[in-house]
Amino acid sequence: MAATVSLNCTETHHTLTIAPSPTGLSGQIQVPGDKSISHRALMLGAIAQGETQIQGLLLGEDPQSTANCFRAMGATISELNSERVTVQGIGLGQLQEPANILEAGNSGTTMRLMLGLLASQPQRFFTVTGDASLRSRPMSRVIHPLQQMGAQIWSRTGGYAPLAVQGQFLKPIHFHSPIASAQVKSCILLAGLLTEGATTVTEPSLSRDHSERMLRAFGANLTVDPETCSVTVIGGASLFGQSVIVPGDISSAAFWLVAASLVPGSDLLIQNVGVNPTRTGVLDVLTAMEADITWENQREVAGEPVADLRVRSSVLKACTISGEALIPRLIDEIPILAVAASLAQGTTVIRNAAELRVKESDRLAVMATQLTKMGANVTERPDGLEIIGGTALIGAEVDSDTDHRIAMSLAIAALVAQGITTIHRAEAAAVSYPTFVNTLQQVCGNL
Ligand code: S3P
């Protein structure tokens, strides 16, 4: 047995206790559906004509928020399950005015992408809010370009939710985004669907391109210029319901890639992982750190590249994780890479990652604080972390700060720490990976 895992639940909070032991992680696992693709499948299904079928949807809390918002605006979405979800679309421009406030929960993708659609539905009024974390995350990055298109949006001072939107006929713009953000890009492209003329977004480097792939498949008139990192949508084309197959989420697979790399004697096969090149920065970095990862059974499924990833334990080496092109390709994996770096030989430097401060938590500050409690040598920098690896981690009482990726990263750190680790507010994992603890028990031989 590699570790003993136990979960203590009260009505509101889960405490995860992990005691490691020296045997490796083994077996075959599947990770839940990709969160980004799940949101997009639900949204495009809702605004398309006809029926969309979704296989492999993530059953996490975030896609639930998206489904509930679009149900409130008239789409019929069957109960979420990973087998098959059916969405009866209502057609572009047909979103109904909801009778109440739209609730995006913890989900930045729900709120930001949806805003592009709300702003472009003439004569309808919408209000949107979210949980305490989402209400502290910057929305001006989408409000400002939408306002350039003529949108009417009101926010709390500083651009924070709750937001109110009076839908309008918008005008097309060419938006040069200061950040590589798929949420910003997708928001503007979705607003462009109902806007007469060509709406273009240019990014400093390419962010994840799931929206582009899926919009095209649904019938949008969309062109991509990879040379300039620009995407253009010509408004007015109708979208038609499609069959979507959601691959496993590489951001969820990343926890097992690092865990099996670090726990000696591991040999784990992670099946059906999405390996879209705009998402595989974590594989590039772990390979540079001398992780033993092989790609098997590479294929394309419903317009997205997929592979099975085999990972065996190895001695990781430090590396530098920086650069405008790389960081967006692993933006959600930096917390778990910080765990890898804490155990790797040498000093890992993470730079150009200030965006992490405005995720579900300030992930630079929280990872530095929590890993330090476990004995790691981490220095926080304005735009990254400096981690001197190679010292043993020690079990401690740590806290997720209600951030799903922090909760799971700390659980993996606990697998390789000496002694018992207790992770408070571990229920956060359900945002993107509700079955995380089950899989943890499975790979540790606890099930
Ligand atoms: C996402 C884009 C990224 C990522 C988030 C999901 C998406 O955010 O961190 O988890 O689905 O478009 P940014 O666009 O803010 O970088």
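**Phe 240, helix H11, the ligand site and domain organisation**

Phe 240 is located in the loop that runs between strand E14 (230-234) and strand E15 (243-245). The model described here is predicted. With a relative accessible area of 43%, Phe 240 is partly exposed, because that value falls between the bounds of 20% for buried and 50% for exposed residues. When neighbours within four places in sequence are left aside, the residues in contact with Phe 240 are Ala 48, Gln 49 and Phe 218. For one of these residues, Ala 48, the separation from Phe 240 amounts to 192 residues in sequence, whereas the distance in space is 4.8 Å from C-alpha to C-alpha.

Helix H11 comprises 12 residues, from 404 to 415. The distance from the first C-alpha of H11 to the last is 17 Å, close to the 16 Å expected at 1.5 Å a residue. The helix is mostly covered, with 12 of its 12 residues buried. Among the buried residues of H11 are His 404 and Arg 405, together with Met 408, Ser 409, Leu 410 and Leu 415. The buried residues also include Ile 406, Ile 412 and several alanines, namely Ala 407, Ala 411, Ala 413 and Ala 414. At the N-terminal end, H11 is capped by Asp 403, a side-chain oxygen of which lies 3.0 Å from the backbone nitrogen of Arg 405. Arg 405 thus appears both as a buried residue of the helix and as the partner of the capping residue Asp 403.

The ligand is surrounded by residues that include Lys 35, Ser 36, Arg 40, Thr 109, Ser 181, Ala 182, Gln 183 and Arg 208. Ile 331, Asp 332 and Lys 359 also belong to these surroundings. Several polar contacts involve oxygen atoms of the ligand. An N or O atom in the side chain of Arg 40 is 2.7 Å from a ligand oxygen, and a polar side-chain atom of Ser 181 is placed 2.6 Å from an oxygen atom of the ligand. For Ala 182, a polar backbone atom is found 3.0 Å from a ligand oxygen. Of the 390 Å² of accessible area that the ligand has on its own, 95% is covered by the protein.

At the level of the whole protein, two domains are assigned: domain 1 consists of residues 3-33 + 248-443, and domain 2 of residues 35-245. The centres of domain 1 and domain 2, taken over C-alpha atoms, are 29 Å apart. Contact between the domains involves 27 residues of domain 1 and 27 residues of domain 2.

Note on methods
Residues are numbered from 1 along each chain as its sequence is written. This is a predicted model: local features need pLDDT of at least 70, side-chain atom pairs count only at pLDDT 80 or more; totals for chains, interfaces and linings use all residues. Side-chain values use heavy atoms; hydrogens and water are left out. Helices (H or I, at least four residues) and strands (E, at least two) are DSSP runs, numbered from the N terminus. Buried means under 20% relative accessible area, exposed over 50%, partly exposed in between (1.4 Å probe, protein chains only). Contact means heavy atoms within 4.5 Å. The expected span of a helix is 1.5 Å times one less than its number of residues. A polar contact is a pair of N or O atoms within 3.5 Å; within protein, one must be able to donate a hydrogen and the other to accept it, and residues adjacent in sequence count only if both atoms are side-chain atoms. A residue is near a molecule or strand if one of its heavy atoms lies within 4 Å of it. Accessible areas come from the Shrake-Rupley method with a 1.4 Å probe; for residues, only the protein chains shown count as cover. Domain bounds come from an automatic or database domain assignment.
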